[in-house]
Amino acid sequence: MAPQLAWIGLGNMGRGMVTNLVRKGNLSSPLIIYNRTQKRADDLSAKLPSGKSKVVTIIEEAVSSSDIIFTCVGDDKAISETIETALKSDVEGKLFVDCSTVHPDTATALAKNINAKGAEFVACPVFGAPAMADAGQLICVLAGPASQVDKVKPYTTGVMGRADIDFSNQAHGKALQLKLIGNTFILSMIETLSEGHVAAEKSGLGVENLQKFIEVLFPGPYVAYSNRMSSGDYHNRQEPLFGVDLARKDAKHAMNLAGAAGVRMKNLEVADGHLADVQKHAGSKGDIAGIYGAVRQESGLKYEN
């Protein structure tokens, strides 16, 4: 019999992942969905095919009715509280799959607590922007016992993602180590693009000419973020694609991870300093691409282009 699935957490990433899970996951029963703000769950359910999802109002109901429970929430505190609540139910034999970006130590603690209750755990952080989540093009990093990872794979490649990075039989924290170090590549990319855009504008080269170079040599995420900067998307959005608070959380985790190993990530320190400037300027509505605005300010230009 096919397992009953539940999903907890409907942020920018979770909404796209749920949509693809419902549309392409070959589920035999409605996906149970829960979100702290119920309206977001109701709104999403209304957009999904009729009868393919069921909204519940408490975490315990989602957990007790399901065999596999996916979680995707904003930070370490949120996932720890979510799992603490979930484990108040009888969870023996259930599988928890966490897609949140948290510190490796948090994932290790989650695994310990979940296993102590007789349940299973797979860490499954993902790489990709919300648009990639919507398109089912995420890269999923899977860590945990191979037999448990195998239960998750039917819902990753070809459903929520385009590829898996398989860490079967490796510690759960390894997936989060990769996720955090991988995210530093993204932050460094945005920092480099921001500095390049501002230098192009102020030197007289022109942003349009720089954009031509980026499109030819760096297709993909470089072009996407460059477009977000030149178009003003980085400051015009009502809801950030990658909120500055979450970006700083990831940066601090990565610096903590590196520092514990005796490594200093200077590029990341610079990017995090600019993220702090984004927080001061835009508050929680600030976006990771707002680094561009911070570099503009630092160079004597307005934050908004």
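A residue is called buried here when its relative accessible area is under 20%. This cut-off is used throughout the description of the structure, which is a predicted model.

Strand β1 is a place to start. In a regular strand the side chains alternate between the two faces of the sheet. In β1, Leu5 and Trp7 point one way, whereas Ala6 and Ile8 point the other way. All four of these residues are buried.

β1 has strand partners. It runs parallel to β4, and four bridges join the two strands. Within this pairing, Leu5 stands opposite Ile68 of β4. β1 also pairs with β2, again in the parallel sense, over three bridges. Here Ala6 of β1 is the residue opposite Ile32 in β2.

The next topic is the nonpolar cores. The largest nonpolar core has 32 residues, and those that touch the most other members are Trp7, Met17, Val18, Leu31 and Phe70. Several elements give two or more residues to this core, among them the strands β1, β2, β4, β5 (95–98) and β8 (138–144) and the helices α1, α2 and α7 (146–152). The element that gives the most is α1, with five residues. There is also a second, separate core of 31 residues, which includes Ala6, Ile139, Ala143 and Leu176.

Phe70 can be followed further. Leaving aside residues up to four places away in sequence, Phe70 touches Leu5, Ala6, Trp7 and Ile8. Its other contacts counted in this way are Leu21, Val97, Cys99, Val152, Tyr155 and Met160.

Helices α1 and α2 appear again at a pocket. Rolling a probe the size of a water molecule over the atoms shows where empty space is left. The second largest pocket holds about 160 Å³ of space. Its lining consists of Arg15, Thr19, Arg40, Asp43, Leu44, Lys47 and Glu239. The elements that give two or more residues to this lining are α1 (12–24) and α2 (38–47). Of the elements, α2 gives the most, with four residues. By type, the lining residues divide into five charged, one polar and one nonpolar.

The last stop is helix α10, which spans residues 221–231. Its buried residues are Val223, Tyr225, Ser226, Arg228 and Met229. What covers these buried residues includes four other helices: α8 (172–203), α9 (207–217), α11 (233–236) and α14 (291–298). Just after α10 comes Gly232, which takes a positive phi of about 85°.

How values were computed: Residues numbered from 1 in each chain as written. Predicted model: local features only at pLDDT ≥ 70, side-chain atom pairs only at ≥ 80, totals over all residues. Heavy atoms only, no water. 1 Å grid on protein atoms, 1.4 Å probe; cavity = no way out; pocket = protein on both sides within 12 Å on 5 of 7 lines; lining within 4 Å. Points joined across faces, edges and corners; volume = space filled by probe spheres on them. Nonpolar A, V, L, I, M, F, W, Y, C, P; charged D, E, K, R; others polar. Core = buried A, V, L, I, M, F, W, Y, C linked by side-chain atoms within 4.5 Å. Buried < 20%, exposed > 50% of the residue type's maximum accessible area, 1.4 Å probe, protein only. Contact = heavy atoms within 4.5 Å. Pairing = 2+ DSSP bridges.
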